[in-house]
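Q: Can you walk me through reading a structure like this one, feature by feature?

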Protein chains: 2
Amino acid sequence: MTTNTAGLLTISEVADRTGLSAHTLRYYEREGLMLREVGRASSSHRRYSDQDVTWVVFLSRLRSTAMPIARIREYVTLARKGDATSGARRELLLLHRMRVVEQLEEMQRSLAAVDVKIAMYEEKVENA
Amino acid sequence: MTTNTAGLLTISEVADRTGLSAHTLRYYEREGLMLREVGRASSSHRRYSDQDVTWVVFLSRLRSTAMPIARIREYVTLARKGDATSGARRELLLLHRMRVVEQLEEMQRSLAAVDVKIAMYEEKVENA
DNA sequence: GCTTGACTTCGAGTGCACTCGAAGTCATAC
DNA sequence: GTATGACTTCGAGTGCACTCGAAGTCAAGC
């Protein structure tokens, strides 16, 4: 399907651009993770605005840092309430940030252990 | 239960030392992830040697870098076959290493996006 | 005007990694 | 000698995030 003059994208175009599957995009929407209602064409097919796509990209960033669906839903719920909740949203992201940094540190430590093991194998080869 | 004179540890001691639950330790064993058979006391209670514990620690490093159980099982299967498979094990770890580095990079990129968003909230507060 | 194919909704199914619970055993404490 | 509590096995249950499939709709191409 070709891009609409209004710059709206179909679900498969958004899937292509975000690396998520159309199934996953629908699933996220069902789970209440979209910031605003996704528009529909007369055919009832979804039409994503640039804002929608920008949000989906950020949402997938949150997912790739292992934020649970439920926490993202909280964030969205806050965001929909408007400016009054921006402090709470900032707190939520800061807390998440801390968790991500911890995760990164643990992964790096674990990677170092893997590297040590690999080095052992290299040594073994040299001594063989 | 107190530590045995032979330096063998009970499952709950290993749980304490590794941060895994006793349930998880049994589960890993059932899944064939232990390098060698875990010893038993006359009571049929597990007794972990230092080597067992060292392996459990490494195993949990592999898990915390998201190596699937099935891949760990492959590694273990190779390791049990002895020195002849050390090249294959090295390859397996190198491949895993690549994946971990990619994961780390993606998480860091995503973290940067979260940071940008947090910075936006800070700005909002300043302008308020 | 019929075919094609991309979409729709909805509920169900999948895969993974635990996590739990029941029923039983055993050694130590009292 | 019995109560306690840490263990045992085994199968089943859970939680999460998708992922799929069926049945239907609709617009565009021929």
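Q: How many of the residues of chain A count as buried?
A: A residue is called buried if 20 or more other C-beta atoms lie within 10 Å of its own, exposed if 12 or fewer, and partly exposed in between, with C-beta atoms placed from the backbone. Of the 128 residues of chain A, 19% make the buried class. Bear in mind that this is a predicted model, where local features need pLDDT of at least 70 and side-chain atom pairs count only at pLDDT 80 or more, while totals for chains, interfaces and linings use all residues. Residues are numbered from 1 along each chain as its sequence is written, and chains are lettered from A and ligands numbered from 1 in the order in which they are written.

Q: What radius of gyration does chain A have?
A: The radius is taken over C-alpha atoms, and the globule rule is 2.2 Å times the number of residues to the power 0.38. A compact globule of 128 residues would come out near 14 Å, but chain A has 21 Å. Along the principal axes, its C-alpha atoms fill a box of roughly 70 × 40 × 20 Å.

Q: Which elements does chain A have, and in what order?
A: Helices (H or I, at least four residues) and strands (E, at least two) are DSSP runs, numbered from the N terminus. Chain A has five helices and two strands, running α-α-β-β-α-α-α from the N terminus on.

Q: Where does the largest nonpolar core get its residues?
A: In soluble globular proteins, nonpolar side chains tend to be buried together. A nonpolar core here is a set of buried Ala, Val, Leu, Ile, Met, Phe, Trp, Tyr and Cys residues joined through C-beta atoms within 7 Å. The largest one has 16 residues, and A:Val14, A:Leu25 and A:Val56 are among those with the most contacts inside it. Helix 1 (11-18), helix 2, helix 3 (50-64), helix 4 and helix 5 (86-127) of chain A each give two or more residues to this core. Helix 3 of chain A provides the largest share, four residues.

Q: How many residues does each chain bring to the contact between chain A and chain B?
A: Two residues are in contact if their C-beta atoms, placed from the backbone, lie within 7 Å. Chain A brings 24 residues and chain B brings 24 residues. On the side of chain A that touches chain B, helix 5 of chain A supplies the largest share, 20 residues.

Q: And which residues are closest to DNA strand D?
A: Near means that a residue's C-beta atom, placed from the backbone, lies within 6 Å of the strand. DNA strand D is surrounded by 19 residues, with A:Tyr27, A:Pro68, A:Ile69, B:Ser12 and B:Arg46 the closest. Helix 2 of chain A gives the most to this surface, three residues.
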